[in-house]
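Thanks for sharing this one with me. My comments follow below as numbered points, so you can take them in any order.

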Amino acid sequence: MDMNSEYRKYLSNIKKNNILVHVTRIIILLLIVILWEYLSSHNIINSFIYSSPSKIIKTIISLYQTNNLFNHIWITIYETIISFVLATLLGTIIAIILWYSKFLYRVMDPYLTVINSLPKVALGPVIIILSGANIKSIIVMALLISLIITITNVYSGFVNTDKNMIKLMNSFQASKYRILKYLIIPYNYHVIISSLKINVGMSMVGVIMGEFLVSKQGIGYLINYGSQVFNLNLVFAGILLLIIVSYLMYLMVLLLEKTLIRDN
Amino acid sequence: MNSILEIENISKNYYSKDKETTALLDISMNIYPGEFLVIVGPSGCGKSTLLNIIGGIDKESSGVIRGNKDIRIGYMLQSDSLFPWLTILDNALLGLKIKNDLTKENINYVKKLLKTYGLSEFINSYPKELSGGMRQRVALIRTLAMKPDILLLDEPFSALDYQTRLKVCDDVYEIIKEENKTVIMITHDIGEACSLADRIVVLSERPGKIKKIFNIKWDKKGTPFQNRMNKEFSTYYDMVWKEIDGYE
């Protein structure tokens, strides 16, 4: 029974530790919020510049009352979903093409590297002129950010496929198409799925950047508009919404990943 | 006896930017139906290259391989390379699927093989649920599924631990004899070679040439494991050992 009680003690210690971590996290958040509210309501910091938690909440409520809140949130989510799905699909297709032709890969390699290292926001003005000041520009911007990294990730998964399995397929005299279909794609399924996870964050960056530049709707627009009219309450409200939305999107993709990957 | 395959003057060169390497030099030998031929040699002597050429994965630089056009060759690799996302049955059917040969008759044949060799209850399992020895048996059945006349085995047991290796070696030998196949196997394990082979071909160091061919005969032939206990075993072992050791 001695072992048993020691084991129980071990388990309860883990549990205690977990609870402590959670509680500490919440206390930190509460302290920040309370301190922030206290400082601004007692005019120790300028609430016009630094806003305050209560003003942020009021701003969000008034956005809700003017029926704009969910519209802005939805637009941002919608643009992000389109971008990261497109990025994953296009990235995978391009990676397949590059896998098919080693020649093409060698030709494209420096271009990919250069485009990847270029800060995409610099292309903003060009994108607006080419695609117009609309949702298209926003998606192009988000795609630019997440596409190259998807291509690189998926392609490197493809070329790192188990050499013995490829040899096995060769021993069956399998065509390149069949090696792709029966080995390369299923073998790299999890790589493709996890690039969804990377892309959701990347696309969000692109979408907010795009909304800063062109949009009349969306969370990025709220933040940008707020800063232009010097309404810092709106800016902070936008940031808070963005934190919530990006966390929810991340959870969604995590869930998607769990359902798509059966752990064989 | 008529040979099933004639290997004549096969040579193979590899090229890289800064040098040319001769892997095989002028290899000639005949393969007879039903025999178990084992090729041994020091590492890097081109054993695998020779097997790859016979199996059609690699192309010879010069020389010819003669044999009946309809001869089917099956290749079993060092690692079982079972696809983790396919069930055992689907893994065993992979070769047939790639060759577009998934007839009802073939599927039943594979199911029968799996059943005969003790894997029927794992048909719908995934590879990770099987032991190393069982996985190797599935890999063999995947090769047998295409009804090959000649089986090429590339160090099929080297990925297994010693105990399992002896057991799987017996298993695989039984299956091959049962299905009446001709085998060309390569290994660097002299004991394995002596216990399995009808003939042992010793290759020299690179460039690989045939150094010696031994005929292995037993008073009382048994399973590979039993052969290891036979009195002739250590003699054969020494003979092969000396041929290979002369280079090291």
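What is the mean pLDDT of chain A, and what percentage of its residues reach 70 or more?

1. Let me start with confidence, since this is a predicted model. The mean pLDDT of chain A is 90, with 98% of its residues at 70 or more. Within chain A, α9(A) has the highest confidence, at a mean of 94, and α2(A) the lowest, at 86.

2. Chain B has an average pLDDT of 87, and 98% of its residues score at least 70. Among the elements of chain B, helix α2 (residues 88-92) has the highest mean, 95, while helix α9 (residues 233-245) has the lowest, 84. Please keep the chain letter with each helix name in your text, as α2 and α9 occur in both chains.

3. Now to the interface. Chain A contributes 18 residues to the contact and chain B 23 residues. Together the two chains bury about 1,900 Å² between them, and carbon and sulfur atoms account for 65% of that area.

4. How many salt bridges link chain A and chain B? The count is 1. It is formed by the side chains of K167(A) and D154(B), with an N to O distance of 3.4 Å. Polar contacts across the interface of chain A and chain B come to 6 residue pairs, with both residues at pLDDT 80 or more.

5. Which elements of chain A supply the side that touches chain B? Both α8 (163-171) and α9 (176-187) of chain A give at least two residues each. The largest share is that of α8(A), with 7 residues. By class, this side of chain A has 9 nonpolar, 5 polar and 4 charged residues. I would show this composition beside the buried area in a figure.

6. Over all chains, the salt bridges number 15. One worth a look is the pair R135(B) and D80(B), whose side chains meet at 2.9 Å, N to O. R135(B) sits in helix α5 (residues 132-144) of chain B and D80(B) in the loop between β5 (73-76) and α2 of chain B, so this salt bridge ties together parts that are 55 residues apart in sequence.

7. At the start of the strand numbering in chain B, β1 (residues 5-15) and β2 (residues 20-31) pair in the antiparallel sense, over 8 bridges. A hairpin of 4 residues joins β1(B) to β2(B). For a pair to label, E6(B) has N30(B) in β2(B) as its bridge partner.

8. Two backbone details deserve a mention. The peptide bond from R206(B) to P207(B) is cis, with omega near -5°, and P207(B) is placed in the loop between β8 (199-203) and β9 (210-215) of chain B. In chain A, N43(A) has a positive phi, near 55°, although the residue is not a glycine. N43(A) belongs to the loop between α1 (2-41) and α2 (47-50) of chain A.

Definitions and conventions
Residues are numbered from 1 along each chain as its sequence is written. Chains are lettered from A and ligands numbered from 1 in the order in which they are written. Side-chain values use heavy atoms; hydrogens and water are left out. Contact means heavy atoms within 4.5 Å. Buried area is the accessible area (1.4 Å probe) that two parts lose on being put together, summed over both. A salt bridge is a side-chain nitrogen of Lys or Arg within 4 Å of a carboxyl oxygen of Asp or Glu. A polar contact is a pair of N or O atoms within 3.5 Å; within protein, one must be able to donate a hydrogen and the other to accept it, and residues adjacent in sequence count only if both atoms are side-chain atoms. Ala, Val, Leu, Ile, Met, Phe, Trp, Tyr, Cys and Pro count as nonpolar, Asp, Glu, Lys and Arg as charged, and the others, Gly among them, as polar. pLDDT is the predictor's confidence in each residue, from 0 to 100. Two strands pair if DSSP finds at least two bridges between them.
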